[in-house]
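Biologist: I'm happier with a pipette than with a structure viewer. Could you show me how to read a few features?

Modeller: Gladly, let's look together.

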Amino acid sequence: MAQWPQKFRGLRSRLLLLVALAVLPAFVLIVSNNLEARRIAAAKVQTDMQRLIRMTVGQQQQFIEGARQLLAALAHLPSVQNQNGPACSALFADFLRLYPFYTNLGAADLDGDIYCSALRMTRPVNLADRSYAIGALRTRDFAIGDYQIGRITGKAAVNFGSPVLDDEGGLQGIVYAALDLAWLEKQAAQAGLEPGTSLTLLDRNGTILVHYPSAQQAPGTSVAETPLFQRITATGGTGTFETRNLNGETSLFAVAPLQGGKATDSDEEYNAYLVIAVPRHLAFAEIDQRFIRNLLVFALVALVALALAWWFANAWILRSVDALRDATRQLEAGHLGARTGGTPGEGELADLAHAFDSMADKLQDREQKLNRSLAEATELKNLLDNLFASIVSGVFTADLDGNISMCNRAALRILGLRDSSQLVGLNLAELLPPLGSSLLPYLYKVRKTDEPLIGIELSHDLPQRGAVHLRFNISGLKAADDTQGIALVVDDITEKKRMEAQHLLLEHMVSPAILDQLDPEHLQLGDGAPKSPYCSPISTALPASASSSMQKIWSAC
């Protein structure tokens, strides 16, 4: 079974965890809704940027078509056909006032030298290297130039060129118009863009031609080494993506190419990129505020739920559990009177507490009965121990394998042993060899036949007592009708055997009349034997005729 972490092993912690898990789906729903809202917002922002780009590209096409018609008309003016510079310049200045979205109008000869300009020139200017001039002269048709900073105006513009032909169709030069790119800023301002939205026009080399708001980036600044321009070139200058803007903020981008001119057949037709950007934090500002608000509401609800769970756990669950735990600990410590006080019918925990109290009552009653029984058994055991110790006969017990388990003091005295450690724990075969070995056959017989053996007499030399005569009674120890061990009862009959031998000797050596006057229980025969206290009285009581026949006996006295 899996183990709970240490901090979640308490009932309160588990209940709080359960509440937290219960409100977790709400948190997941809030996060999921936020992610979906951000996805929708990002799609909307990109759609709006694409719409603005389409509007801008459409406006550019209108400007291109207008420039085509204007230059076609200017190419047929007499002052242009005759290359009359002063007259042409004056006329073009009037046209420039009529078309303020152009930065300049002018004309140049076949060598590219400008001879007519709506704006006054302070120095000679040659257009031979400009793509729109090269395209118009080469194709003898309308041409669009690069997006560039004008040499005369100093403004960002896109130039258009158209050939000037005489009546025979001979090529005389070109007329040109420079479209002011400030119209992009005006259109961006009129489009009602969201705060923080920027519009940038970049040429093919990564140079800023126009930037709205104009205060953020100056025209002529190169951004060729930035991640933004690298991403633009990697996507072919079209599409939507997300990267850092020129200020280092993560932004959503929409990019589209703007049509430009080509000097040779191998040049790209598109050589400028229109870039619209919205910082990510601004695009999702309202969504993030709503997400934070939802999180705060969720946090408040979760905290209230956890607080209620904490209160409910203390008031309705842990109070009963703590009472049950305290009572259990007291019961474990031996205080059998500990109770929870639970009332049945008030819930599962109350029923459990009441069942515990009932169990404790029964345990206490059983404990009291056991204590009384133990006191009675102890008293009986002490009585039996005293009786066992006071028995004159020696008693010791052994299991069915002959291992001695207990003995009384009389058994130690009869066997000449100092204490029970010399007897208890030994196997019968190890008892005062060869005494124990002599007893083993009788033990096995009792174990086999389950019949007691009475009056087994054995004579042996004991280390502490010398020659002794012992009588053994061997019987089985019963428990539930099964023999669990062997009981051996031993009596010392050494003195009795000696008296019997003396009596037998007296019967052979002394007449019955004298023998009747003696107390054989107090006579001892043999050299060095203790003198009987009855020797003197007997000698004085003997008749004179019996003295010679009792000489041998009296010598012992």
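**Strands, a helix and a hole**

Modeller: Let's start with strand β6 (residues 198–203), keeping in mind that this model is predicted. Six of the six residues of β6 are buried, so the strand is largely enclosed by the rest of the structure.

Biologist: Which residues of β6 lie on one side and which on the other?

Modeller: In a regular strand, side chains alternate between the two faces of the sheet. Here S198, T200 and L202 are on one side, L199, L201 and D203 are on the other, and all are buried.

Biologist: How many bridges join β6 to β7?

Modeller: Four, and β6 and β7 (residues 208–212) run antiparallel. One of the pairings puts T200 opposite H211 as its bridge partner. Four residues lie between the two strands of this hairpin, where G206 has a positive phi near 85°.

Biologist: How about helices? Which residues of α4 are buried?

Modeller: In an α-helix there are 3.6 residues a turn, so residues three or four places apart point the same way. For α4 (residues 131–139), the buried ones are S131, Y132, A133, G135 and A136. They pack against β3, β4 and β5. After α4 comes R140, with a positive phi near 55°.

Biologist: And what is the volume of the largest cavity?

Modeller: Rolling a probe the size of a water molecule over the atoms shows where empty space is left. The largest cavity has a volume of about 140 Å³. Its lining has 15 residues, with G150, R151, I152, N159 and Y176 nearest the centre. By type, the lining has seven nonpolar, six polar and two charged residues.

Key: Residues numbered from 1 in each chain as written. Predicted model: local features only at pLDDT ≥ 70, side-chain atom pairs only at ≥ 80, totals over all residues. Heavy atoms only, no water. Buried < 20%, exposed > 50% of the residue type's maximum accessible area, 1.4 Å probe, protein only. Contact = heavy atoms within 4.5 Å. Pairing = 2+ DSSP bridges. 1 Å grid on protein atoms, 1.4 Å probe; cavity = no way out; pocket = protein on both sides within 12 Å on 5 of 7 lines; lining within 4 Å. Points joined across faces, edges and corners; volume = space filled by probe spheres on them. Nonpolar A, V, L, I, M, F, W, Y, C, P; charged D, E, K, R; others polar.
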